[in-house]
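Please open the model in your viewer and keep the selection panel at hand. The stops below move from one selection to the next.

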Amino acid sequence: PRIVILISGTGSNMVAIAEAVKAEEIDAEIVGVISNRPTAEGLEKAQAMDLHTDLIDHTLYASREEFDHSLIRMIEDLKPDVVVLAGFMRILTADFTRYYEGRLLNIHPSLLPKYQGLNTHQRALDAGDDIHGVTVHFVTEELDGGPNAIQAIVPILDIDNAQQLQQRVHEQEHIIYPIAVKWFCEGRLTMKGNEALLDNKVL
Ligand code: GRF
């Protein structure tokens with residue numbers, strides 16, 4: 001399978017997936033890494049791993065729709081089987097999410113459906129939760145709302161601040177995202193209706 005990864009920043013999840021491909025843990029090819037930010041650190045990391053990179057600067061587009069249509073064209077040139085959002089910090093239009101429905105994955109730093117949106121670590125702390133975590137899910141029109149594929153739970157310690165918590169969540173991200181991508185590439189992880197299935201069993 002052909003993987004396209006979309007990033008906006010550090011790209012550590014992209015690197016984790018690329019390393020799993022390189023180590024042949026995932027039988028796939030990363031055919032492109034696309035950033036919407038020229039300054040994304042992940043672009044250099046991708047280039048250092050000899051991956052093809054593209055830049056599509058959202059500030060040059062008048063509307064979300066125009067940006068998303070150009071983004072689709074850029075992605076389609078790479079003929080992907082799966083599109084992986086790895087810290088891609090743009091809200092996608094329904095045109096985009098419908099186009100890639102069932103082959104579009106995202107990682108979100110909370111135990112979805114809890115804490116959709118931003119500042120998830122601080123919100124979990126403020127709520128006095130005992131546990132926090134991270135979710136890989138299929139992307140649908142609803143922001144952070146598609147069916148879950150895999151989650152990792154991270155205990156919240158009394159002494160935690162948001163930064164420490166975020167760091168431990170990040171470590172788990174690098175473990176579960178390659179697993180989800182591997183399952184998808186093996187044809188084991190699929191989406192049917194509004195459900196994610198692993199080996200044809202509802203997750
Ligand atoms: C991660 O926290 C991820 O959960 C969120 O964006 C961040 C991306 O980190 N969606 P990185 O760019 O992969 O290091």
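**Two packed helices**

Helix 1 and helix 6 are oblique to each other, and this pair is the starting point of a tour through what is a predicted model. Select residues 12–22 for helix 1 and residues 162–185 for helix 6, and you will find the two packed at an angle of about 50 degrees, with their axes 9 Å apart. An angle of about 50 degrees is called oblique because it falls outside the ranges for roughly parallel (under 35 degrees), roughly perpendicular (65 to 115) and roughly antiparallel (over 145). The crossing of helix 1 and helix 6 is right-handed.

Now show the side chains that make this contact: helix 1 contributes Ser12, Asn13, Ala16, Ile17 and Ala20, while helix 6 contributes His170, Glu173, His174, Tyr177, Pro178, Val181 and Lys182. Coloured by class, the residues of the contact of helix 1 with helix 6 divide into 6 nonpolar, 4 polar and 2 charged.

**The seven-stranded sheet**

Next, display the strands of the open sheet, in which 7 strands follow the order 3-2-1-4-5-6-7 with mixed pairing. At its edges are strand 3 (53–55) and strand 7 (148–155), each of which pairs on one side only. Averaged over this sheet and with direction ignored, neighbouring strands are turned by 20 degrees against each other.

For a closer view of one pairing, select residues 2–7 (strand 1) together with residues 29–35 (strand 2), which run parallel and are joined by 6 bridges. Within this pair, Ile5 has Val33 of strand 2 as its bridge partner.

Two helices can then be added to the view of the sheet. Helix 2, residues 41–48, lies across strand 1, strand 2 and strand 3, and runs at about 155 degrees to strand 2. Helix 6, already selected at the previous stop, lies across strand 1, strand 4 (82–85), strand 5, strand 6 (131–138) and strand 7, and runs at about 30 degrees to strand 6.

**Around the ligand**

Which residues come nearest to the ligand? Centre the view on the ligand, and of the 14 residues around it, the nearest are Thr10, Ser12, Asn13, Gly87 and Pro109. Ser12 and Asn13 have appeared on this tour before, in the contact that helix 1 makes with helix 6. The shell around the ligand draws at least two residues from each of helix 1, strand 5 (104–108) and helix 6. Sorted by class, this shell comprises 4 nonpolar, 9 polar and 1 charged residues.

**The three-stranded sheet**

For the last stop, turn to the open sheet of 3 strands, whose order is 8-9-10 and whose pairing is antiparallel. Strand 8 and strand 10 stand at its edges with a single partner strand each, so one side of each is left without a neighbour in the sheet.

Select residues 189–192 (strand 8) and residues 195–198 (strand 9), which pair in the antiparallel sense over 4 bridges. Leu189 stands opposite Leu198 of strand 9, and Lys192 stands opposite Glu195 in that strand. This hairpin has 2 residues between the strands, and Gly193 takes a positive phi near 60 degrees.

Continue to residues 201–202, strand 10, which runs antiparallel to strand 9 and is joined to strand 9 by 2 bridges. Here Leu198 stands opposite Lys201 of strand 10. Strand 9 and strand 10 also form a hairpin with 2 residues between them, and in its turn Asp199 has a positive phi of about 50 degrees.

Technical notes:
Residues numbered from 1 in each chain as written. Predicted model: local features only at pLDDT ≥ 70, side-chain atom pairs only at ≥ 80, totals over all residues. Pairing = 2+ DSSP bridges. Axes fitted to C-alpha atoms, helices over the stretch in contact; angles between N-to-C directions. Left-handed = near helix turned anticlockwise from the far one by under 90°. Contact = placed C-beta atoms within 7 Å. Nonpolar A, V, L, I, M, F, W, Y, C, P; charged D, E, K, R; others polar. Near = placed C-beta within 6 Å.
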